Amino acid sequence: LDKEKILVVDDEPDALELEAFNLKQEGLDVVTDADGATAMRALATPVGVVVGSICPSDLAEKFRKASRA
């Protein structure tokens, strides 16, 4: 059974590590990235995306639109 893949994006290393850890504890396959631009290229693979709480609103909007495509 394949695990669902989640992309976690946060430029704060501690937050990125904590978010990834918590999702892995839930049994998810977690991919992390600290840079939004490279994360956008990886977006084709995950089924879900977690974006840091202080992500610039324009980048968050791009992720939202891309995830619906």
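This is a short walk through a predicted protein model, from the overall fold to single residues.

Start with the layout. The protein chain has three helices and three strands. Along the sequence they alternate in the pattern β-α-β-α-β-α. The chain holds 69 residues, and 26% of them count as buried. Its exposed surface comes to about 4800 Å². Carbon and sulfur atoms supply 51% of that area. Contacts across the sequence matter for the picture, too. Take the contacts with a separation of 6 or more: residues 24 or more positions apart account for 61% of them.

Now look at strand 1, residues 5–9. This strand is mostly covered, with four of its five residues buried. Its partner is strand 2, residues 29–33, and the two pair in the parallel sense over five bridges. To get from strand 1 to strand 2, the chain passes through helix 1, residues 13–25, and this β-α-β crossover is right-handed. Two pairs help to line up the strands by eye. Lys 5 stands opposite Asp 29 in strand 2. Val 8 stands opposite Thr 32, also in strand 2.

Next comes the interior. Which residues make up the largest nonpolar core? There are six: Ile 6, Val 8, Leu 16, Ala 20, Leu 23 and Val 30. Strand 1 and helix 1 each supply at least two residues of this core. Helix 1 gives the most, with three. Such grouping fits a broad tendency: in soluble globular proteins, nonpolar side chains tend to be buried together. Ala 20 shows how the core connects to strand 2. Setting aside residues up to four places away in sequence, Ala 20 touches Val 30 and Thr 32.

Leu 7 deserves a look of its own. This residue lies in strand 1. Is Leu 7 buried or exposed? Its relative accessible area is 1%, so Leu 7 is buried. The core list names Ile 6 and Val 8. Leu 7 sits between them in sequence, within strand 1. A general point about strands helps here: in a regular strand the side chains alternate between the two faces of the sheet. Distance to the helix can be checked as well. Leu 7 and Ala 20 are 13 residues apart in sequence, and their C-alpha atoms are 8.8 Å apart in space.

Lys 24 offers another view of helix 1, where it has its place. Its relative accessibility is 49%, so Lys 24 counts as partly exposed; the cut-off for exposed is over 50%. Ile 6, a core residue, is 18 residues away from Lys 24 in sequence. In space, the two are 9.4 Å apart, C-alpha to C-alpha.

Finish with Asp 33, found in strand 2. Why does Asp 33 count as buried? Its relative accessible area is 17%, and buried means under 20%. The side chain of Asp 33 reaches the backbone nitrogen of Asp 35 at 2.8 Å. Asp 33 also has contacts beyond its neighbours within four places in sequence. Among them are Leu 7, Val 8, Val 9 and Asp 10. Leu 16, Thr 38 and Ala 39 are in contact with Asp 33 as well. Two of these partners have already appeared in the core: Val 8 and Leu 16.

Key. Residues numbered from 1 in each chain as written. Predicted model: local features only at pLDDT ≥ 70, side-chain atom pairs only at ≥ 80, totals over all residues. Heavy atoms only, no water. Buried < 20%, exposed > 50% of the residue type's maximum accessible area, 1.4 Å probe, protein only. Contact = heavy atoms within 4.5 Å. Areas by Shrake-Rupley, 256 points an atom, 1.4 Å probe, with all protein chains shown as cover. Pairing = 2+ DSSP bridges. Right-handed = clockwise from strand over helix to strand, strands pointing away. Core = buried A, V, L, I, M, F, W, Y, C linked by side-chain atoms within 4.5 Å. Polar contact = N/O pair within 3.5 Å; in protein donor to acceptor, adjacent residues only side chain to side chain.
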